[in-house]
Amino acid sequence: MKLTFLGTGTSTGVPSIACDCDTCRSDDPRDKRLRVSILIEHAGKTILVDTSSDFRQQALRANIKYLDAVLITHCHVDHVFGLDDIRPLNFRFGAMPIYANEPAWVDLRRIFKYIFEPDHFGGGLPQLVPHTVHHNSPFSIGNELKITPLEVIHGKLSVMAYRFNNFAYATDLNFISEETIELLQGLDVLVLDCVGFKRHPKHLSLNEALAYFERIKPKRAFLTHLNHDVMHGRDSNLLPPNVQFAYDGLIISE
Ligand SMILES: [Zn+2]
Ligand SMILES: [Zn+2]
Ligand SMILES: [Zn+2]
């Protein structure tokens with residue numbers, strides 16, 4: 001399994017427009033964060049999680065040539081506004097399977113009405129094959145990649161975390177149920193939301209994320225959706241040995 005962090009920033013990205021803080025002015029490339037997204041590659045299959053608002057730039061930077069499917073965590077702008085940029089892959093390979101939960105599909109159909117209720121055909125519309133995912137209803141892509149959607153809570157919204165064999169990706173959440181914690185046991189790698197150091201109504205703060213790691217006990221853990229309060233070089237010593245701040249371009253493989 002190979003996981004590539006395409007983006008690790010909160011919804012504004014880092015640096016943040018018009019901000020002169022130390023992180024936004026940092027020269028460290030680990031402090032340059034596009035909007036969150038990952039690529040999973042395993043047994044010849046390539047899966048994108050979220051078409052972020054930076055998807056085009058991320059796909060070019062990571063040299064993405066093909067995707068078997070796109071999984072959507074939830075329909076917030078930073079996670080889906082790159083959807084139109086799957087078109088170059090449609091032109092080459094045809095319609096793209098997209099997986100999302102029911103609340104995300106309701107919003108996607110409204111926001112991207114021109115895709116689902118076109119007033120013309122052709123002319124460069126994205127082509128999707130929609131699939132609805134449900135909490136703890138696993139499906140497979142290929143023979144060796146089992147994907148289990150798991151519900152986490154983001155304010156009041158039901159968001160999908162995804163478990164890929166023994167890797168899991170859970171962003172945009174402030175609460176994980178006992179049942180989901182149980183279903184996240186035995187992980188080699190867990191990527192978890194951590195917006196920064198301060199408490200947030202819809203995201204985990206660092207201390208809350210570390211408390212979940214204590215209960216889920218992955219072998220290795222990574223924090224993403226980071227805001228500009230987190231400076232990678234300065235703040236990494238606040239973390240336990242098996243936990244790291246993710247950064248754009250970081251690759252984990254096992
Ligand atoms: Zn987000
Ligand atoms: Zn800043
Ligand atoms: Zn969100």
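For the charge count here, Lys and Arg are taken as positive and Asp and Glu as negative, with His and the chain ends left out. On that basis, this predicted model carries 26 positive and 30 negative side chains. Take the centre of each set, and you find the two centres 2 Å apart.

Now step back to the overall fold. The chain is built from eight helices and 14 strands. How does its radius of gyration fit a compact globule? With 254 residues, such a globule would come out near 18 Å, and the chain has 17 Å, so the two agree. If you'd rather think in box dimensions, the C-alpha trace spans about 55 × 40 × 35 Å along its principal axes.

What about inside and outside? Of the 254 residues, 53% are buried, where buried means under 20% relative accessible area. The chain still exposes about 11400 Å², and carbon and sulfur atoms supply 51% of that area. Plenty of the contacts link distant parts of the sequence: among those with a separation of 6 or more, 62% are between residues 24 or more positions apart.

For a closer look, pick out helix α7, which runs over residues 206-216. Which of its residues are buried? They are L206, E208, A209, L210, Y212, F213 and I216. Their cover includes another helix, α6 (178-183), along with the strands β11 (189-193), β12 (220-224) and β13 (243-245). Just past the end of α7 comes K217, and its phi is positive, near 55 degrees.

Notes: Residues are numbered from 1 along each chain as its sequence is written. Chains are lettered from A and ligands numbered from 1 in the order in which they are written. This is a predicted model: local features need pLDDT of at least 70, side-chain atom pairs count only at pLDDT 80 or more; totals for chains, interfaces and linings use all residues. Side-chain values use heavy atoms; hydrogens and water are left out. Helices (H or I, at least four residues) and strands (E, at least two) are DSSP runs, numbered from the N terminus. The radius of gyration is taken over C-alpha atoms; the globule rule is 2.2 Å times the number of residues to the power 0.38. Buried means under 20% relative accessible area, exposed over 50%, partly exposed in between (1.4 Å probe, protein chains only). Contact means heavy atoms within 4.5 Å. Accessible areas come from the Shrake-Rupley method with a 1.4 Å probe; for residues, only the protein chains shown count as cover. The place of a charge is taken as NZ of Lys, CZ of Arg, CG of Asp or CD of Glu.
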